[in-house]
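Here are a few notes to read alongside the structure. Have a look at it first, then go through the points one by one.

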Amino acid sequence: MLERASSTRQAVAILDQTEIVPHNVEPYVRLQYFIVDQDGEVCIVAGREKTDFQKLDAVTFAAITNFPLSLRDSVICDRFTTLQRELPHITKQNEAMTLVEKVSNDLTVHSCLYSITQQTISICIEREFKAILNFSLDHEIARGAQFYNFGQLKLMQSEYRHRFKESQYEVQHGF
């Protein structure tokens with residue numbers, strides 16, 4: 001999708017043509033895709049469910065919380081409700097990450113914050129909000145195609161970085 005689509009609508013069209021193999025662990029782990037383009041048009045795809053296309057601006061936000069999209073009108077998700085209430089009042093990236101931490105829970109595997117204007121992604125693994133991994137989209141594109149798995153991301157945190165340097169080849173190949 002990233003190589004072929006130049007807009008959210010094109011990416012969703014490609015995803016619509018792709019067979020997603022069920023992993024049989026829903027609703028506990030949801031396959032969700034948060035798709036946004038440089039113009040701020042966003043769509044969230046979760047299995048066969050998807051949101052309407054929406055344009056992000058200074059007061060409009062989009063968030064996913066592993067909560068089934070189809071239940072948003074019938075079941076209250078306190079995490080999503082908290083995001084809806086508080087995110088429109090946030091003006092700084094560190095405030096946004098504090099909110100992401102607030103809505104995380106013991107089952108949270110990872111948390112991400114995407115900044116469209118700064119073209120950055122901030123990731124916390126296993127609720128380690130004191131060890132945020134920051135990625136610049138421009139920098140990652142300049143490095144060329146590569147793959148990070150969650151084991152590598154965990155090792156990239158400052159307290160584990162020495163282990164990553166010592167066994168870089170083995171870690172990158174999943175041994």
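1. A quick definition to start: two strands count as paired if DSSP finds at least two bridges between them. Keep in mind, too, that this is a predicted model.

2. With that in hand, look at S5, residues 110-115, and S6: these two strands pair in the antiparallel sense, over 6 bridges. Two facing pairs help you line them up. Leucine 113 sits opposite serine 122 in S6, and tyrosine 114 is opposite isoleucine 121 in S6.

3. Now follow the chain round the turn. The hairpin of S5 and S6 has 4 residues between the strands, and glutamine 119 there takes a positive phi near 55 degrees.

4. What joins S6 to strand S7? There are 4 bridges between S6 and S7 (residues 133-136), and the two run antiparallel. If you want one pair to find, isoleucine 123 has leucine 133 in S7 as its bridge partner.

5. Put together, this gives an open sheet of 3 strands, ordered S5-S6-S7, with antiparallel pairing. S5 and S7 are the edge strands, each pairing on one side only. On average, neighbouring strands of this sheet are turned by 20 degrees against each other, direction ignored.

6. Helix H3, residues 93-103, packs on the sheet and touches S5 and S6. The direction of H3 makes about 155 degrees with that of S5.

7. Last one: is S6 mostly covered or mostly open? Mostly covered: of the 6 residues in S6 (120-125), 5 are buried.

Notes. Residues numbered from 1 in each chain as written. Predicted model: local features only at pLDDT ≥ 70, side-chain atom pairs only at ≥ 80, totals over all residues. Heavy atoms only, no water. Buried < 20%, exposed > 50% of the residue type's maximum accessible area, 1.4 Å probe, protein only. Axes fitted to C-alpha atoms, helices over the stretch in contact; angles between N-to-C directions. Contact = heavy atoms within 4.5 Å.
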